[in-house]
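Biologist: Please take a single part of this model, its charged side chains and their salt bridges, and go through that part closely. Put it in the setting of the whole chain.

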Amino acid sequence: MLQVNFLRQNTELAKKKLAIKHFANLNLVDEVIAIDDERKQLQASFDDIQSKVNAASKEIGGHMAKGEKDQSETLKNAVADWKKQLDPLKEKMALVEASLQQVIVQFPNLPHDLVPLGKTPEENEVVRVGGETPKLPTNAEAHWDLIKKHNLVDFETGAKITGSGFPLYIGKGAKFQRVLTQYFLDFNTAAGYTEYLPPFMVNAASAFATGQLPDKEGQMYHATEDDFYLIPTAEVPVTNVFRDTVLKESDLPLQMTAYSPCFRREAGSFGKDVRGLNRVHQFEKVEIIQIVHPDKSDEVLNEMVAHVEKLLTSLGLQYRILRLCGGDMGFASAITYDFEVYSAAQERWLEVSSVSNFQAYQTYRMKCRFKDADGKIQFAHSLNGSSLALPRIFAAIVENYQTETGIALPKVLQPYFGAENLI
RNA sequence: AGAGAGGUGUCCGAGUGGUUUAAGGAGCACGCUUGGAAAGCGUGUAUACGGCAACGUAUCGGGGGUUCGAAUCCCUUCCUCUCUGCCA
C-alpha cells in the first residue's frame with residue numbers, strides 16, 4: 001500500500017513511476033489526495049467538538065460532586081447539542097475513510113529505478129546466464145513421460161483423490177521431494193536464515209497484509225466455514241509473524257526460511273505450459289523472507305539473488321536471471337528478479353524462483369515498523385524469494401540428469417538421498 | 001464440543017460509572033553519586049491521526065450499544081487458561 005503523504009509530496013514522480021507499471025488511471029493520484037484533504041478537515045472538526053464534549057463532561061462531574069444540579073443540567077443540554085453535530089460527522093468520516101482505503105489499495109507499488117520499461121515477458125532483461133546446457137541421451141524424454149515410466153508421480157490417482165493438479169508422489173518420487181526440501185532448508189539455515197514451520201491456513205487479516213486480499217481473492221482456496229484461506233506461499237504466514245509490531249533497530253535484519261505446501265486455484269492456460277509438473281494446484285516450496293532496514297534493502301536483494309544463484313549452481317542446473325520489466329512485475333513488488341532453469345528435454349526455460357524487494361509496500365500495509373537510533377518509528381522493508389519451488393526443480397533435474405538407463409542425481413543431493421542415482 | 005475463569009502499557013499488576021491526566025512494581029535509557037561497579041537518588045520510557053508548535057483526538061483483545069461521562073455496565077465476536085468429552 002502506498003502512503004498518501006508520499007503521493008502528496010511526490011505527485012509527479014509517483015505518476016511517472018506508476019506509468020512504468022502500466023497503471024492506467026493516473027488521475028487517481030490527485031483523487032486520493034483530495035479525499036485525504038477532506039478526511040483531514042473532517043477529523044479536525046470532529047476532534048474540536050469532541051474536545052468540548054470531554055471538557056464539559058468533566059465539568060459536570062465536578063458540579064454533581066458539589067450537588068450543583070442546575071449547572072450540570074445546562075451543560076448536559078449543551079453537550080446534547082454538540083453530540084447532534086457529531087453523529088453526521090462520524091458517518092461522513094467513515095464514508096470518506098472507506099473511500100480513501102478503497103482507492104489507495106488500487107495502487108501497485110512504485111517500480112525501482114532499475115526496472116526496465118516494457119509490458120510483456122519478452123521485454124524482461126536477461127541479467128545473467130549461468131551453468132551449462134546438459135547433453136541428453138538420444139532417447140531423452142520430457143519429465144511427464146519419465147515420471148510415468150518410473151512411477152515417481154501419479155497425476156491420475158491424484159485427480160481421483162482430489163482433482164486435477166493435485167499430484168500424488170510415489171516411492172522415490174516422494175522421497176525426492178523430501179530430500180529436496182531438506183537440502184534447501186539446510187542450505188538456507190547455513191546462510192543464517194531461521195527456519196519456521198508456519199500454519200498452512202491463514203485468516204483474512206493475514207491475507208490482506210501481504211496483499212493477497214482483496215486483489216487475488218479468487219486465486220486462493222477458501223475454507224468458508226471458518227473463513228480461513230489455504231496459503232498460496234509461505235510468504236503469507238511468515239511475513240505476518242511481524243504484523244502489527246514495532247521492532248528494535250537491532251532486531252534487523254530478520255532472516256526467515258520456511259517450507260510449506262502452496263495451494264493455488266489459478267485457472268491457467270492449456271497445453272505444454274501446464275503439462276506435468278509445470279503448473280499444479282498444490283506444490284511444495286521453500287521460501288526465504290527478510291525484513292530489513294530501508295537503507296539496506298537494495299543490498300539485501302542482491303544478496304538474496306546471489307544466494308539463490310549459488311543454490312542453483314550447486315544443483316548443476318543451467319539458469320538465467322531476468323530483471324522483470326514494469327509490465328510483467330507483481331503488484332506489490334518494487335523490483336523482481338526471476339530465475340529460470342533450462343529444461344533441455346522441453347527446450348524451454350522454467351521459472352523456479354522469483355526474488356523481490358517490496359520495500360515498504362507490505363510493511364506499511366501490515367504495520368511492521370522499527371524504532372531507529374533517534375527513537376523515530378519507521379517502516380521496515382520486506383523482501384522474499386523462493387529457494388526453491390520444488391516441482392519444477394524436480395522436473396528439471398529429472399529431465400537434465402537423465403541417462404541412457406536411468407536418472408542420475410546432483411552431487412550435493414547424493415548424501416541426502418543415500419544413492420548416486422534417483423533411478 | 002460442553003462448563004468455568006480470564007484478556008489492562010515492554011513485562012508483572014491495581015483498578016466495578018466522574019482529579020485515571022491508567023496507581024504501584026520490574027525492566028530499559030539518561031543523569032547524579034562512585035576509583036570502578038552494585039545499591040541509592042532523580043528524570044524519562046505506547047501507538048495512530050490532525051497541528052509549524054502548544055496541544056487536541058482515538059486506543060485497556062476486536063466490533064457495536066447505554067450514558068453528560070465507560071478500562072469499569074450491556075450485546076456480540078476473537079483469543080488464552082482450567083476441568084470434562086472427543087481425537088493423531
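Modeller: What follows starts with the whole chain and then turns to the charged side chains. The model is predicted, with local features requiring pLDDT of at least 70 and side-chain atom pairs pLDDT 80 or more, while totals for chains, interfaces and linings use all residues. Residues are numbered from 1 along each chain as written, chains are lettered from A and ligands numbered from 1 in the order written, and side-chain values use heavy atoms, without hydrogens and water.

The C-alpha trace of chain A spans about 100 × 45 × 45 Å along its principal axes. Its secondary structure comes to 13 helices and 16 strands (DSSP runs numbered from the N terminus: H or I of at least four residues, E of at least two). Of the 423 residues in chain A, 48% are buried (under 20% relative accessible area; exposed is over 50%, partly exposed in between; 1.4 Å probe, protein chains only).

Chain A carries 46 positive and 55 negative side chains, and the centres of these two sets lie 1 Å apart (Lys and Arg positive, Asp and Glu negative, His and chain ends not counted; placed at NZ of Lys, CZ of Arg, CG of Asp or CD of Glu). The structure holds 13 salt bridges (a side-chain nitrogen of Lys or Arg within 4 Å of a carboxyl oxygen of Asp or Glu).

Helix 3 (residues 27-66) contains both Asp36 and Arg39, three residues or about one turn apart. They form a salt bridge with the closest N and O atoms 2.8 Å apart. Asp36 counts as buried because its relative accessible area is 3%, whereas Arg39, at 23%, is partly exposed. A network of salt bridges links these two with Arg8 and Asp37.

In helix 4 (residues 69-104), Lys84 and Asp81 are likewise three residues apart, so about one helical turn separates them. Their closest N and O atoms are 3.7 Å apart in a salt bridge. Lys84 is exposed at 59%, and Asp81 is partly exposed at 44%.

Glu287 and Lys285 form another salt bridge, with the closest N and O atoms 2.6 Å apart, and both residues are buried.

Some charges are grouped without a salt bridge: Glu217, Glu225, Asp226 and Asp227 gather in a negative surface patch (residues with over 30% relative accessible area and no salt bridge, like charges joined within 9 Å; areas by the Shrake-Rupley method, 1.4 Å probe, only the protein chains shown counting as cover). Asp227 lies in the loop between strand 6 (222-223) and strand 7 (228-230), and its relative accessibility of 37% makes it partly exposed.

Note on methods. Patches are made of residues with over 30% relative accessible area and no salt bridge: like charges are joined within 9 Å, nonpolar side chains (Val, Leu, Ile, Met, Phe, Trp, Tyr) within 5 Å.
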